[in-house]
Amino acid sequence: MAETLLDIAMMHSETVIARAKQGDQNAQGKLVQLWYKRIYNFSYKFFMDHDLAMEVSQKTFISMCRNLAGLQDIARFKSWLYKIAVNYCREEARRKKGSRSLSFDVVWNREAEDSPKWESSSQRYANPESQYQQAELSDILQQALFELSDEQREVVIMKEYEGLKFREIAEVLNISENTVKSRMYYGLDGLKKILERKNITKDTIGYEL
């Protein structure tokens with residue numbers, strides 16, 4: 001069952017991908033339109049840098065257009081595209097070594113495959129003060145996400161923000177599902193410890209999650 005409008009659109013886009021594989025520039029343009037926002041968002045959360053996210057996104061879609069003809073299985077387009085983006089993120093990270101925020105409840109409910117999203121809480125915009133608190137927490141969480149290792153951060157972003165399944169992430173990263181789950185567990189555990197160090201807990205945040 002598709003979870004997003006993009007997933008629904010992709011279910012009916014095999015003909016577009018097939019035309020794009022044959023070099024149809026209009027079809028390639030439609031694929032860019034369909035996927036650009038998600039690839040940009042993934043890259044931005046990875047770097048917290050607009051220019052780097054733009055750079056990765058541009059390179060990803062240039063590579064997509066150049067190499068799409070070699071994609072054997074259209075059903076794997078999603079993981080194939082993310083694999084390109086991940087590789088460019090890693091390349092840029094190596095070159096410049098030193099993500100909207102992570103939903104707070106995810107950190108505290110790491111057992112849940114589909115945890116409820118704190119950002120969609122009915123209390124999110126209850127009043128100006130809560131809006132300010134939410135924005136401040138968003139910055140803290142984003143910084144905490146950036147403190148993770150690259151390996152953990154890319155898994156957390158793909159799972160919690162991009163909605164990829166463990167199987168798809170494993171395919172993108174060319175690792176086992178168990179390794180994905182392990183990185184996810186340690187990534188979320190690391191986030192919890194980082195937030196505790198900053199004295200950010202369920203009690204101090206003041207929201208019912």
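# Salt bridges and the surroundings of Glu162

Asp73 has a relative accessible area of 35% and is therefore partly exposed, since the partly exposed class runs from 20% to 50%. The model is predicted, and every value below is computed from it.

**Confidence.** The chain has a mean pLDDT of 79, and 70% of its residues are at 70 or more. Of its elements, helix α9 (residues 166–173) has the highest mean pLDDT, 96. The lowest, 54, belongs to helix α6 (residues 104–108). In the stretch 110–125 the pLDDT is below 50. That stretch nevertheless has 36 contacts in the model beyond near neighbours in sequence.

**Salt bridges.** The structure has 15 salt bridges. Side chains of opposite charge can pair when their charged atoms come close. Three of these pairs are listed here with their distances.

| Pair | Closest N to O distance |
|---|---|
| Arg76 and Asp73 | 3.5 Å |
| Arg76 and Glu171 | 2.7 Å |
| Glu162 and Arg38 | 3.4 Å |

Arg76 has two of the listed partners, Asp73 and Glu171. How accessible is Arg76 itself? Its relative accessible area is 42%, so Arg76 is partly exposed. Glu171, at 22%, is also placed in the partly exposed class, as is Asp73. Elsewhere, a network of salt bridges links Glu55, Lys59, Glu91, Glu92 and Arg95.

The pair formed by Glu162 and Arg38 has another setting. Is Glu162 buried or exposed? Glu162 is buried because its relative accessible area, 6%, is under the 20% limit. Arg38 has 13% and is buried by the same limit. Both charged partners are thus on the buried side of the cut-off.

**Around Glu162.** Glu162 sits in the loop between α8 (150–161) and α9. Besides its salt bridge with Arg38, the side chain of Glu162 makes a polar contact of 2.7 Å with the side chain of Tyr82. Which residues does Glu162 touch, leaving aside those up to four places away in sequence? They are Arg38, Asn41, Phe42, Lys45, Tyr82 and Ile157. Ile157 is one of the buried residues of α8.

**Helix α8.** This helix has 12 residues. From the first C-alpha to the last, α8 reaches 16 Å, close to the 16 Å expected at 1.5 Å a residue. Its buried residues are Arg153, Glu154, Val155, Val156, Ile157, Met158, Lys159 and Glu160. In an α-helix there are 3.6 residues a turn, so residues three or four places apart point the same way. After α8 comes Gly163, with a positive phi near 75 degrees.

**Cysteines.** How many disulfides does a search of the whole structure find? The count is zero. A disulfide is a covalent bond between the sulfur atoms of two cysteines. Cys65 has a relative accessible area of 31%, which means that it is partly exposed. Cys89, in contrast, is buried, at 1% relative accessibility.

Technical notes: Residues numbered from 1 in each chain as written. Predicted model: local features only at pLDDT ≥ 70, side-chain atom pairs only at ≥ 80, totals over all residues. Heavy atoms only, no water. pLDDT = per-residue confidence, 0-100. Helix = DSSP H or I, 4+ residues; strand = E, 2+ residues; numbered from the N terminus. Contact = heavy atoms within 4.5 Å. Polar contact = N/O pair within 3.5 Å; in protein donor to acceptor, adjacent residues only side chain to side chain. Disulfide = S-S within 2.5 Å. Buried < 20%, exposed > 50% of the residue type's maximum accessible area, 1.4 Å probe, protein only. Salt bridge = Lys/Arg side-chain N within 4 Å of Asp/Glu carboxyl O. Expected span 1.5 Å × (residues − 1).
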